[in-house]
Amino acid sequence: MSESPGPHRRRRLGDLPVTAIAELAGVSAPTVSKVLNGRPGVSEETRRRVEVLLRDHGYRKATPNQLTRRIEVVFHGMLSSIAMEIMRGVEEVAAVHDMTFGYLDVFRRNKTEPLWVDTLLRRRPAAVIAVSSAVTRQHRETLVEGGIPLVALDPTSDLHSTPSIGATNWSGALNATRHLLDLGHRRIGVLSGPVKDLSSRARLDGFRAAMDAAGIPFDEHFLRSGLFTFEQGRDLALELLRLPEPPTAVVCGDDLQALGVYEAARIVGLRIPDDLSVVGFDDVEQAAWCAPPLTTVRQPFAEMGAAAAKCAIALVAGQTPSRTRVELATTLMVRGSTAPPA
């Protein structure tokens, strides 16, 4: 026999998700989050109505001593050079607003597990910035239900209404490809990132757009997709360079793949840029150190971190972003790895 709920049965926290509370109250989920965390921007009548629903469904309002002035940045296996640039941007903005910041790397945790989210809920940061693939829809819902604003930085999947900061991946790849076309290359290979990633798809679309605009048919045999790693870049590039008619240039999804192409060229006895031109994407600090220095598309990671921090602080203050997606401009950094085909 099942137990009757009864009027005195204690409800569990999260008996209803915040979105359901919002629907019952006739308000938005962010409004419920403001009430849950004692933030301004809600009329007294609305606040009272929402508080009754929250109390009835087992939610406890955060008290002032529970709230922190801390922004938590969540990474998923990011390169140290990229992570440091992002954190530098976050720090600059946080300092102006008298806030602290910290980070959490969840690379060795299963993305589908909410355990790292539980860690954040216990810390009760003012807001969370999730970088790349560090956040899923499940994570987003858990944070929203916990009343913690979320900003996604370069998300790999669609998070619907979550505010996100990114870079102009499409135009960056377009400009990189145009650079090679202007040098005279026609047989251009592509190493793309994971096919499901938003940034990978945008970069591949930018490449195709440049080829189409130039009236150059793209040979699909010159396309390979893999992870953003040195090893994948090396192995996939070896496949391209061992074709009967290999490409004279390769556009890569990121700089690690591009450095892998350098190794593949060494293995098959090709010289860069005399025999093969290479273009990366990101402009990590190692790009300028290799020989020859790598031509690549620079993502403004510090500026992206600062923009994400500004958005997060605005959400904490109860403001609604005018745009849910902000893209910062990329820049083509022309160095020694590109030259006209032999």
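Let's start with Arg224, which is buried in this predicted model, with a relative accessible area of 18%. The cut-off for buried is under 20% relative accessible area, so Arg224 falls inside that class. What does Arg224 form a salt bridge with? The partner is Glu239, and the closest N and O atoms are 2.6 Å apart. This pair links distant parts of the chain, because Arg224 belongs to strand E7 while Glu239 belongs to helix H9, 15 residues apart. Glu239 has a relative accessible area of 41%, so we call Glu239 partly exposed. So here a buried arginine meets a partly exposed glutamate.

Let me put that pair into its surroundings. Strand E7 is part of an open sheet of six strands, in the order E7-E6-E8-E9-E10-E12, and the pairing there is mixed. The edge strands are E7, residues 223-225, and E12, residues 331-333, and each of them pairs on one side only. On average, neighbouring strands of this sheet are turned by 15° against each other, direction ignored.

If you want a place to look inside this sheet, try E8 and E9. Strand E8, residues 249-252, and strand E9, residues 277-282, pair in the parallel sense over three bridges. Within that pairing, Val251 stands opposite Val279 in E9.

Which helices pack on this sheet? One is helix H7, residues 169-183, which touches E6, E8, E9, E10 and E12. The direction of H7 makes about 165° with that of E9. Another is helix H9, residues 230-241, which touches E6 and E7, and the direction of H9 makes about 150° with that of E6.

While we're at H9, there is another charged pair to show you. Asp235 and Arg234 meet through their side chains in a salt bridge, 3.0 Å from N to O. Asp235 counts as partly exposed at 35% relative accessibility, and Arg234 is partly exposed as well, at 24%.

Now for the other sheet. It is also open and has six strands, in the order E2-E1-E3-E4-E5-E11, and here the pairing is parallel. Strand E2, residues 100-105, and strand E11, residues 325-328, stand at the edges with a single partner strand each, so one side of each has no neighbour in the sheet. The average turn between neighbouring strands of this sheet is 20°, direction ignored.

Take E4 and E5 as an example. Strand E4 covers residues 150-153 and strand E5 covers residues 164-167, and they pair in the parallel sense over two bridges. Leu153 has Ile165 in E5 as its bridge partner. Helix H4, residues 80-96, packs on this sheet and touches E1, E2, E3 and E4. The direction of H4 makes about 155° with that of E2.

Leu153 and Ile165 come up again in the largest nonpolar core, which has 32 residues. Which members touch the most other members? They are Val73, Phe75, Ile86, Ile129, Val151, Leu153 and Ile165. E1, H4, E3, E4, E5 and helix H11, residues 301-316, each supply at least two residues of this core. H11 gives the most, with 11 residues.

Helix H4 also carries charges. Glu92 forms a salt bridge with Arg88, with the closest N and O atoms 3.5 Å apart. Both residues lie in H4, four residues apart, which is about one turn of the helix. Are they buried or partly exposed? Glu92 is partly exposed, at 43% relative accessibility, and Arg88 is partly exposed too, at 40%. There is a further member to mention here, since Glu85, Arg88 and Glu92 are linked in a network of salt bridges. Across the whole structure, the search finds 11 salt bridges.

One last residue before we finish: where is Asp197 found? Asp197 sits in the loop between E6 and helix H8, residues 198-214. With a relative accessible area of 15%, Asp197 is buried. Leaving out residues up to four places away in sequence, Asp197 touches Thr156 and Phe228. So, if you turn to the structure, Asp197 is a buried aspartate in a loop that follows E6.

Technical notes: Residues numbered from 1 in each chain as written. Predicted model: local features only at pLDDT ≥ 70, side-chain atom pairs only at ≥ 80, totals over all residues. Heavy atoms only, no water. Pairing = 2+ DSSP bridges. Axes fitted to C-alpha atoms, helices over the stretch in contact; angles between N-to-C directions. Contact = heavy atoms within 4.5 Å. Buried < 20%, exposed > 50% of the residue type's maximum accessible area, 1.4 Å probe, protein only. Salt bridge = Lys/Arg side-chain N within 4 Å of Asp/Glu carboxyl O. Core = buried A, V, L, I, M, F, W, Y, C linked by side-chain atoms within 4.5 Å.
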